[in-house]
Amino acid sequence: MKILSAEQLSEADKETIKKQNISSEELMERAATLVFNEINNRLRGAPIPIKIFCGIGNNGGDGLVVARHLIQHGYNVTVYVVNYSDKRSEDFLANYEKLKEITNNWPQVIKKEDDFPEINIGDFVIDAIFGIGLNRPIEGWVAKLVEEINHSKAFTLAVDMPSGLFADKASEKNSAIIEANYTLSFQSPKLVFFLPETMDYVGDLQVLDIGLDREFIGRIKSKTFLIGKQQALSLYLPRKKNSHKGDYGSVLIAGGSYGKIGSVLLTATAALRSGTGLCSLYIPKCGYNIIQTGLPEAMVVTDPDHEILTTYPKDFKADVVCFGMGAGTSFNTVKALKELLELMDKPVVIDADGLNILSENNDLLKLLPENSVLTPHPGELKRLVGAWKDDFHKLDLVKEFSSKYKVIVVIKGAHSLTIDRDNVYVNNTGNPGMATAGSGDVLSGVITSLIGQGYEPVNATVLGIYLHGLSGDISAEELGYEGVLAGDIAKNIGKALSKIFEKDATESDIN
Ligand SMILES: NC(=O)C1=CN([C@@H]2O[C@H](COP(=O)(O)OP(=O)(O)OC[C@H]3O[C@@H](n4cnc5c(N)ncnc54)[C@H](OP(=O)(O)O)[C@@H]3O)[C@@H](O)[C@H]2O)[C@H](O)CC1
Ligand SMILES: [K+]
């Protein structure tokens with residue numbers, strides 16, 4: 001699914017009005033009625049106090065439409081107009097009149113702090129103050145109102161966006177932003193919903209298809225995509241009935257050191273669980289018995305050294321090599337990575353200490369084969385691209401790095417991002433249980449395996465991250481967040497792959 005910017009959404013809005021020959025008020029009615037339906041489905045007539053805070057633009061207009069429907073269905077509603085300026089939009093005004101026609105309980109206008117109502121923890125708050133039209137931080141008494149809503153701890157549902165968030169840029173530190181429990185967003189999720197500094201404001205997210213013109217949206221040249229089940233499915237390369245292990249790639253996992261052989265064991269397990277035909281490990285001698293016992297399906301080649309990697313086996317033929325987990329950054333291990341990069345003309349996957357070596361030896365970056373995949377965690381990423389001011393600056397730095405070195409970079413996080421030059425792929429699977437030792441080693445194994453099976457490196461990365469997250473979700477369902485081990489994520493990759501083929505009746509819009 002494309003992630004559209006505020007500007008693209010406004011254009012789609014205008015184009016839809018033209019093509020479908022409807023008024024913008026009708027489009028507002030359509031969008032806000034969907035919001036009402038969702039609320040009605042959940043509240044089912046419950047008499048809890050609903051407090052709707054409406055701005056004076058079109059987000060506020062949506063709030064007024066929702067209010068009208070709720071009142072007509074007998075809900076206990078109070079509407080507040082957050083009168084932050086006198087520039088009331090036309091559709092706001094039209095719906096203001098419509099609301100006054102159906103109730104004697106007219107909206108209360110808030111113009112200063114003294115006008116604030118009491119907000120109780122048991123209230124149901126609807127935030128329709130600002131949407132995609134926010135163009136500067138919220139200030140003054142409106143900022144105080146936002147704080148008041150947040151402090152109340154009342155359940156808060158945001159219409160389109162939590163007020164105070166910009167759709168496509170970072171917020172200043174300590175900005176007033178609604179901390180929503182639930183966000184019902186129109187047509188396309190906004191990029192900020194998935195970035196670490198802003199995702200917590202969104203709560204649970206649901207995207208409502210408000211019927212903006214499909215053909216126009218299809219033509220929009222978006223470079224930002226949300227990866228859900230449909231996209232994962234479209235990337236999958238089916239297996240032929242008449243095939244053998246030679247058809248599914250020969251991968252080499254190079255890494256490990258004394259005390260850290262578990263890391264390569266996890267990577268290799270994940271590679272095999274993701275469908276690799278032949279999996280070999282290149283490790284220091286100390287790991288030989290461990291791997292041969294722990295993973296009899298894998299083959300092992302050992303370095304001359306007992307404890308670390310010191311060289312690279314020049315005659316070894318593999319379709320793809322993954323380097324770095326548990327390897328350490330000793331002088332001779334740097335040499336081993338250099339030998340590998342000088343030899344390879346096919347994409348490699350570099351993780352963990354491999355990335356630390358690259359950040360300390362910038363000359364090696366130039367040796368990376370085109371479309372190699374780097375999978376840093378935030379600390380490793382900072383060492384590679386430098387420090388960033390905010391999430392959007394980080395995206396710019398990584399895009400620049402990806403273009404300069406012609407590589408694919410993963411920004412790991414609750415929603416991991418794959419950056420391929422200017423393109424951003426946002427992952428939408430995974431859970432906090434995956435924040436556990438070895439989880440990254442497993443991800444590298446999955447991506448390496450898929451490249452070995454013939455996936456384009458960017459597709460292998462996007463699909464690999466999706467499957468890794470889904471496998472984490474399956475593991476958490478079995479074991480609870482705290483109970484998940486990286487080994488479980490590796491073990492369940494096959495189940496995750498099967499799951500993308502399941503038809504799921506309760507599937508939400510964005511999965
Ligand atoms: N295409 C769609 O998805 C549809 C969206 N709808 C809804 O419309 C809003 C967007 O409405 P819009 O009127 O463009 O913008 P807002 O309601 O978010 O903001 C209104 C105006 O507020 C001013 N502004 C911006 N920032 C601040 C601030 N910090 N303090 C005070 N005022 C501010 C700004 O005007 P200025 O002239 O003062 O700059 C905004 O224009 C969208 O989110 C949906 O909810 C439709 O209902 C359906 C189609
Ligand atoms: K809002």
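The exercises below, each with a worked solution, concern a predicted model.

**Exercise 1. Domains**

Task: State how the chain is divided and describe where the two domains meet.

Solution:
- Start with the bounds: domain 1 covers 6-220 and domain 2 covers 246-499.
- Next take the separation. The centres of the two domains, over C-alpha atoms, are 42 Å apart.
- Then count the contacts: 7 residues of domain 1 touch 7 residues of domain 2.
- Finally, sort the domain 1 side of this contact by class, which gives 5 nonpolar, no polar and 2 charged residues.

**Exercise 2. The annotated span**

Task: Find which feature UniProt places at residues 9-218 and give its secondary-structure content.

Solution:
- The unreviewed UniProt entry gives the feature "domain: YjeF N-terminal" for residues 9-218.
- In the model, this span is 37% helix and 16% strand.
- Its end C-alpha atoms lie 12 Å apart.

**Exercise 3. The shell around ligand 1**

Task: Describe the residues around ligand 1 by number, class and helix of origin.

Solution:
- The shell holds 29 residues, and the closest are D13, G57, N58, G131 and G133.
- By class, the shell splits into 12 nonpolar, 12 polar and 5 charged residues.
- Three helices each supply at least two of the shell residues: α1 (6-19), α2 (24-43) and α3 (58-72).
- The largest share, 5 residues, comes from α3.

**Exercise 4. The environment of A128**

Task: Decide whether A128 is buried or exposed, and list what it touches.

Solution:
- Locate the residue: A128 belongs to strand β4, residues 124-128.
- Apply the cut-off: a residue is buried if 20 or more other C-beta atoms lie within 10 Å of its own.
- A128 has 30 C-beta neighbours inside 10 Å, so it counts as buried.
- Leaving aside neighbours within four places in sequence, the contacts of A128 are I52, F53, C54, G55, N59, G60, D62, G63 and V159.
- For a sequence-to-space comparison, take I56: it is 72 residues from A128 in sequence, and the C-alpha to C-alpha distance is 9.2 Å.

**Exercise 5. The 10-stranded sheet**

Task: Give the strand order of the open sheet, and explain why β8 and β11 each have one side without a neighbour in the sheet.

Solution:
- The 10 strands run in the order β8-β17-β16-β15-β14-β13-β12-β9-β10-β11, with mixed pairing.
- β8 (224-227) and β11 (299-302) are at the edges; each has a single partner strand, so one side of each lacks a neighbour in the sheet.
- For β8, examine the pairing with β17 (residues 423-427): it is parallel and spans 4 bridges.
- One bridge links I227 to N427 in β17.

Note on methods: Residues are numbered from 1 along each chain as its sequence is written. Chains are lettered from A and ligands numbered from 1 in the order in which they are written. This is a predicted model: local features need pLDDT of at least 70, side-chain atom pairs count only at pLDDT 80 or more; totals for chains, interfaces and linings use all residues. Domain bounds come from an automatic or database domain assignment. Ala, Val, Leu, Ile, Met, Phe, Trp, Tyr, Cys and Pro count as nonpolar, Asp, Glu, Lys and Arg as charged, and the others, Gly among them, as polar. A residue is near a molecule or strand if its C-beta atom, placed from the backbone, lies within 6 Å of it. UniProt positions are given in the numbering used here, feature names are shortened, and annotations may be inferred rather than shown by experiment. A residue is buried if 20 or more other C-beta atoms lie within 10 Å of its own, exposed if 12 or fewer, and partly exposed in between; C-beta atoms are placed from the backbone. Two strands pair if DSSP finds at least two bridges between them.
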